[in-house]
Amino acid sequence: MPVSDIGDSKGLLAVGSIRQKDAQAGFSEILNKAATATDEGSTGPGNVESHEQEKSGQVALREIGRISKETPTVSHILKKHPEYFDRCWDIIHSPVNNGKKFRQMREGTVVVLKPDSNELLWGKELLALTDKINTAPDDSPMNTAHETGPVERPIVIGTISTASPTVSHLFQAHPDFDNSFWDIINSPVNISKEYTSLRPGTLVSLDPRTMELSFMNASQVKTAAQEETKTVPVQLSLADAVKPYIGTSYKEIDCYGLIVRGLTTQGVKYWGQGGIKEKLENLAMRDGLPRNAYLNGEGLVEKAGKKLFSKFLPRISNTNENAEQVYSELAPYLQKGLILSFSTPTRGHTGVVSRQGKEWTYINSGLIDNQISPGRVSERVGEERLKAEINQWFAFASERNEPITVTLGQVDEG
């Protein structure tokens, strides 16, 4: 979804009362049309929007770049910008940007600046702004013509299948969307949708006006039993909640991010004010530690949940024997959906306990080389043999002559 050409470094884009008519357009199309509207109404390069534009419901915005390997943070983007490089920290630390989640930005995220206030926007905030403005009434004659036009058709994202088992797979295969589709999936209007209950044959579409996702099964028939199932929510285990992400590249979801997405799917409040992340960060600062010290599997279990098993080994004398001993001590506590973490002084890892048949498994994101099903070795989300993973981590600790801690537990959902 090419949005890098929304505007050059000299031109502002005005996100105004612009209606989407092309059913194949994506989020970038909304911004691109906004940029086109600005270019047509501009009196010259670098034109700052006037009071008349404000009256018409338009907001002056400027795209300053996107998160990438070359520009992994907003500060990198600003420092490379020909106009804002010398105001980088003034913009980032301005009051209007206090509390923004700069550290949670994914690769591919487009960053926009409101020059009049120095406010930085991306993801959900940018989506909400474009949604709010695009749905606001406009008294201008031009907008009246739009209102009398045809009703916007939904954008068909695709159909759930074996090859594309999740909504994210459909977005990745769609030509009009890049990684910013996660902002659509996790937006307030979509975050609580039952993604894990989608079955092959389900058609997924997007309302270009509200950015809400809709699901429609192939038969279009809703039985009484299905209605009853919808009214009585089924509590997914954490293992079931993370399974839809199997196959997703590690670059998109790391091991801790996988746990967070699973908890969010379960309905656990992780993000925002009063969420688990905020509590963990506050606890870390209270304890005199870096803000992100508890943002790992161990921190989740120990500070926001219940620890069921923990074993510390100061050294590994025999990899196989030590691993077998810990597994035998761990086995009585194993349940599908528990969080299992490994920690050494130089490295840590976390994942979710699951089960296939009689064998305990481990769903995690990393180098998947002990996978339960045939497949190539790669860095992604996968399901591996639990005993093999324990053995591998003990071998790692032994090679580095480091102590290792194994922690098993769960997060409180209340």
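Colleague: How many helices and strands does the protein chain have?

Modeller: In this predicted model, the protein chain has 15 helices and 13 strands. Of its 414 residues, 46% count as buried, and residues 24 or more positions apart account for 60% of the contacts with a separation of 6 or more.

Colleague: What is the mean pLDDT of the protein chain, and which element has the lowest mean?

Modeller: The mean pLDDT of the protein chain is 78, and 74% of its residues reach 70 or more. Among the elements, helix α6 (residues 141–147) has the lowest mean, 38, while β9 has the highest, 97. Over residues 1–57 the pLDDT is below 50, although this stretch has 126 contacts in the model beyond near neighbours in sequence. Residues 221–233 also stay under 50, and for them the model has 3 contacts beyond four places in sequence. Where pLDDT is low, the predicted coordinates should not be read in detail.

Colleague: Why is the aromatic pair of phenylalanine 102 and tryptophan 122 called tilted?

Modeller: The structure holds 11 aromatic pairs. In the one formed by phenylalanine 102 and tryptophan 122, the rings are 5.3 Å apart centre to centre, with 40° between the planes. Centres within 6.5 Å make a pair, and planes under 30 degrees apart would count as stacked and over 60 as edge-to-face, so an angle of 40° leaves this pair as tilted. The pair links distant parts of the chain, 20 residues apart: phenylalanine 102 is in the loop between α4 (88–92) and β3 (110–114), and tryptophan 122 is in the loop between β4 (119–121) and α5 (123–135).

Colleague: What makes tryptophan 122 buried, and what makes phenylalanine 102 partly exposed?

Modeller: Tryptophan 122 has a relative accessible area of 12%, and because buried means under 20%, it counts as buried. Phenylalanine 102, with 24%, falls between the limits of 20% and 50% and is therefore partly exposed.

Colleague: How do you know that the pair of phenylalanine 309 and tyrosine 333 is tilted?

Modeller: The ring centres of phenylalanine 309 and tyrosine 333 are 5.7 Å apart and their planes are at 40°, which is neither under 30 nor over 60 degrees, so the pair is tilted. Phenylalanine 309 lies in strand β8 (residues 305–313) and tyrosine 333 in the loop between α14 (319–330) and β9 (339–343), 24 residues apart. Phenylalanine 309 is buried because its relative accessible area of 9% is under 20%, whereas tyrosine 333, at 39%, counts as partly exposed.

Colleague: Why is arginine 261 said to sit over the ring of tryptophan 182?

Modeller: The charged end of arginine 261 is 4.0 Å from the centre of that ring, and because the limits are 6 Å from the centre and 35 degrees from the ring normal, the distance meets the first of them. Tryptophan 182 also belongs to one aromatic cluster with Phe171, Phe181 and Tyr245. Elsewhere, arginine 347 lies over the face of phenylalanine 396, at 5.0 Å from the ring centre.

Colleague: Which residues touch the most other members of the largest nonpolar core?

Modeller: Phe171, Leu213 and Leu300 do so, in a core of 43 residues. Among the elements that each supply at least two residues of this core are β5 (155–159), α7 (167–173) and α11 (255–266), and α11 gives the most, with 5 residues. Phenylalanine 171 touches Ile157, Phe177, Phe181, Ile184, Ile185 and Leu213, not counting residues up to four places away in sequence. Apart from this core lies another, of 23 residues, among them Ala323, Val326, Tyr327 and Leu330.

Definitions and conventions:
Residues numbered from 1 in each chain as written. Predicted model: local features only at pLDDT ≥ 70, side-chain atom pairs only at ≥ 80, totals over all residues. Heavy atoms only, no water. Phe/Tyr/Trp six-rings, centres within 6.5 Å; stacked < 30°, edge-to-face > 60°. Helix = DSSP H or I, 4+ residues; strand = E, 2+ residues; numbered from the N terminus. Buried < 20%, exposed > 50% of the residue type's maximum accessible area, 1.4 Å probe, protein only. Contact = heavy atoms within 4.5 Å. Core = buried A, V, L, I, M, F, W, Y, C linked by side-chain atoms within 4.5 Å. pLDDT = per-residue confidence, 0-100.
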